[in-house]
Amino acid sequence: AQALVNWLNASTAPGLAEYRPQPFRVLESVLRNMGDDASATEVAYARLIHRADTRVSADWRSEFGRWVRQVMTLFFDRFLQITIGFGVYPQVAFYWFIGLVAIGTALARPCQSLCKHGASRASWGDSAFFSLQNAIPLMEPSSDYAQVQHDRLAIRMFFNAQKVLGFLLATVLVGALTFGGN
């Protein structure tokens, strides 16, 4: 599939730098009809990278407003690429979620509010469940951790950001699974 994608990218007419989805869609369709779904998925991903790469066409000096809109859309495309693989690879969001919970687990260990029986550090289990509860949006698996706050402001800010990021990841993942990578 990569050789075919390279061929598509190299077969651009001189002076034509805008988004051209048709060759990618035809190749994707042919590969799916041949039963090669994995290669078709790679081509779909390459089509969306091509779209992001050709997103900005306005000149910032003469069409500043249009250029700003195109750059903002490019940033959104890159966000979708990084978080869910444009919806073509939505399992990427799961890895981000696991990483977010792992970082939160490590940061929650020295939290005195989580420590039990006079320990200097919280257990790995309590830290993991506290981090997991922060990262899961719109639900509270256990009321044990609802009132816990970390002693340090910077780490407390991370856990607040973790709530927002967990919500964003869940929202983007649901959108990717619902609408796909089109």
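Author: Start with three classes of residue. Ala, Val, Leu, Ile, Met, Phe, Trp, Tyr, Cys and Pro count as nonpolar; Asp, Glu, Lys and Arg count as charged; the others, Gly among them, count as polar. One more point: the model above is predicted.

Reader: How many nonpolar, polar and charged residues are in the lining of the largest pocket?

Author: The lining has 10 nonpolar residues, 6 polar ones and 3 charged ones.

Reader: How is such a pocket found, and how much space lies in it?

Author: A probe the size of a water molecule is rolled over the atoms, and this shows where empty space is left. Here, the largest pocket holds about 360 Å³ of space.

Reader: Which residues lie nearest the centre of the largest pocket?

Author: Look for N134, Y145, A146, V148 and K163. They belong to a lining of 19 residues.

Reader: Which helices supply at least two residues of that lining?

Author: Helix 6 (124-135) and helix 7 (153-179) each do. Helix 7 gives the largest share, 5 residues.

Reader: Let us turn to the cores. Which residues touch the most other members of the largest nonpolar core?

Author: A core of this kind is a set of buried residues joined through side-chain atoms within 4.5 Å. The largest one here has 15 residues, and L80, I84, F86, F97 and A135 touch the most other members. Two or more residues of this core come from each of helix 3 (37-53), helix 4 (64-84), helix 5 (92-108) and helix 7. Helix 5 gives the most, 4 residues. Another core, of 9 residues, lies apart from the largest one. Its members include C111, L114, V148 and F159. You have met V148 already, in the list of residues nearest the pocket centre.

Reader: F86 was on your list. Is F86 buried or exposed?

Author: Buried means under 20% relative accessible area. F86 has 5%, so it counts as buried. Find F86 in the loop between helix 4 and helix 5. Check its backbone too: F86 has a positive phi of about 60°, although it is not a glycine.

Reader: Which residues form an aromatic cluster with F86?

Author: Y45 and Y89 join F86 in one aromatic cluster.

Reader: How many aromatic pairs does the structure hold?

Author: The structure holds 6. A pair of rings is described by the distance of the centres and the angle of the planes. Take F94 and Y95. Their ring centres are 6.0 Å apart and their planes stand at 65°, so the pair is edge-to-face; the cut-off for that label is over 60 degrees. F94 is partly exposed, at 48% relative accessible area. Y95 counts as exposed, at 56%.

Reader: Which residue lies over the face of W124?

Author: R109 does, at 4.3 Å from the ring centre.

Reader: Now two residues in helices. Is M72 buried or exposed?

Author: Exposed means over 50%. M72 has a relative accessible area of 52%, so it is exposed. M72 lies in helix 4. Compare its place with N9: the two are 63 residues apart along the chain, and their C-alpha atoms are separated by 24 Å.

Reader: And D126, is it buried or exposed?

Author: D126 counts as buried, at 11% relative accessibility. Its place is in helix 6. D126 and R152 are 26 residues apart in sequence. In space, C-alpha to C-alpha, D126 and R152 are 18 Å apart.

Conventions:
Residues numbered from 1 in each chain as written. Predicted model: local features only at pLDDT ≥ 70, side-chain atom pairs only at ≥ 80, totals over all residues. Heavy atoms only, no water. 1 Å grid on protein atoms, 1.4 Å probe; cavity = no way out; pocket = protein on both sides within 12 Å on 5 of 7 lines; lining within 4 Å. Points joined across faces, edges and corners; volume = space filled by probe spheres on them. Buried < 20%, exposed > 50% of the residue type's maximum accessible area, 1.4 Å probe, protein only. Phe/Tyr/Trp six-rings, centres within 6.5 Å; stacked < 30°, edge-to-face > 60°. Lys NZ or Arg CZ within 6 Å of the ring centre and 35° of its normal.
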